[in-house]
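Q: Please take a close look at one part of this structure, the pairing of oppositely charged side chains, and explain it step by step for someone new to the subject.

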Amino acid sequence: MNKFEELKKLRNQVNLIIKNIDNYPKGEINVLVSNHNCLMDIFYLPMSLPEEIISFISARLVYKSESDRKDVVNKYLYAMPIEAHGGSVYSNICLEQATKFLTNGKSISIFPEGAYVHDKKIFKGRTGASRIVYNARNIGKKVNLVPISIYVSRNDDLDSYNKVGDNVEVTILPTIDYEEAYYNYKYSETKEEMNMFLHQPIDNAMRCIANSLNIPYDDNYIELRAKGNVMFDDGSVVDVNIAQNSEFVNRYNNELNGRFLRLLKSMGK
């Protein structure tokens with residue numbers, strides 16, 4: 001049984017309502033962005049969709065040597081890591097992999113806030129999703145930016161991954177029109193202008209999510225707890241400063257290339 005079928009079985013254990021599924025551009029290439037309530041969101045999002053997607057999630061969820069968690073992630077998700085603690089070199093490697101999936105016709109999802117949000121608000125999204133859709137446009141790929149709101153009513157530990165029975169409401173929102181922002185970004189003359197137009201699409205998406213959930217939008221980034229290291233495929237970690245050496249950068253890139261090829265193969269590409 002493939003991961004998509006496994007997700008359908010998991011979905012039967014969740015009190016899930018999906019709204020506005022007609023907004024989902026089925027058969028097209030999509031970058032899906034959502035708010036982040038708890039760990040189980042990484043499953044609630046893909047189980048709500050009519051097709052398989054690649055889930056870009058924290059490298060700690062994909063690689064950390066906790067066998068039970070790794071087993072669950074690998075059972076249900078076509079998961080790719082986002083390394084948020086290794087600086088721009090590592091984040092760019094991850095974003096390049098995302099663009100490669102789009103060029104191969106695969107939709108992806110990402111959580112722009114970068115961490116669970118305990119407060120009843122939506123925080124400013126980091127610009128990875130904008131970079132991904134702009135990179136795709138640079139090579140002639142038409143890609144949709146689709147905001148998705150997730151509401152979870154639960155009393156469990158937010159970090160729980162093996163409890164079901166949550167009341168979950170997933171709403172597919174209209175795609176974000178980013179063409180004007182992309183054009184302005186491409187022809188910007190200053191870094192300030194580039195930064196402004198890079199933020200516009202994801203800011204619009206996160207505001208739409210906040211409106212959908214009827215909760216405030218906070219135009220600030222959520223504070224991430226720095227890990228101080230980079231995590232590799234075998235669960236080992238390397239100090240973030242040492243990890244800037246080409247030896248480790250090349251290792252990370254090679255590991256992601258290998259995972260990229262394995263996922264495409266498992267999805268029948």
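A: What follows is a walk through the salt bridges of this chain, one pair after another. The model is a predicted one, and a search of the whole structure finds 11 salt bridges. Side chains of opposite charge can pair when their charged atoms come close. The chain offers 33 positive and 34 negative side chains, and the centres of these two sets lie 5 Å apart.

One of the bridges joins Glu169 to Lys19, with 3.3 Å between the closest N and O atoms. This pair links distant parts of the chain, since Glu169 belongs to strand 8 (residues 167–172) and Lys19 to strand 1 (residues 15–19), 150 residues apart. Glu169 is partly exposed, at a relative accessible area of 27%, and Lys19 also counts as partly exposed, at 37%.

Another bridge holds Arg137 and Glu179, whose closest N and O atoms are 2.9 Å apart. Because Arg137 lies in helix 6 (residues 128–138) and Glu179 in helix 7 (residues 179–186), the pair ties together parts that are 42 residues apart in sequence. Arg137 is partly exposed, with a relative accessible area of 23%, and Glu179 is partly exposed too, with 36%.

The bridge between Arg251 and Glu255, with closest N and O atoms 3.1 Å apart, sits within helix 9 (residues 246–266), where the two residues are four apart and therefore separated by about one helical turn. Here Arg251 is partly exposed, at 28%, whereas Glu255 is buried, because its relative accessible area of 18% falls under the 20% cut-off.

Finally, Lys124, Asp203 and Asp219 are linked in a network of salt bridges.

Terms used:
Residues numbered from 1 in each chain as written. Predicted model: local features only at pLDDT ≥ 70, side-chain atom pairs only at ≥ 80, totals over all residues. Heavy atoms only, no water. Lys, Arg positive; Asp, Glu negative; His and termini not counted. Charge placed at Lys NZ, Arg CZ, Asp CG, Glu CD. Salt bridge = Lys/Arg side-chain N within 4 Å of Asp/Glu carboxyl O. Buried < 20%, exposed > 50% of the residue type's maximum accessible area, 1.4 Å probe, protein only.
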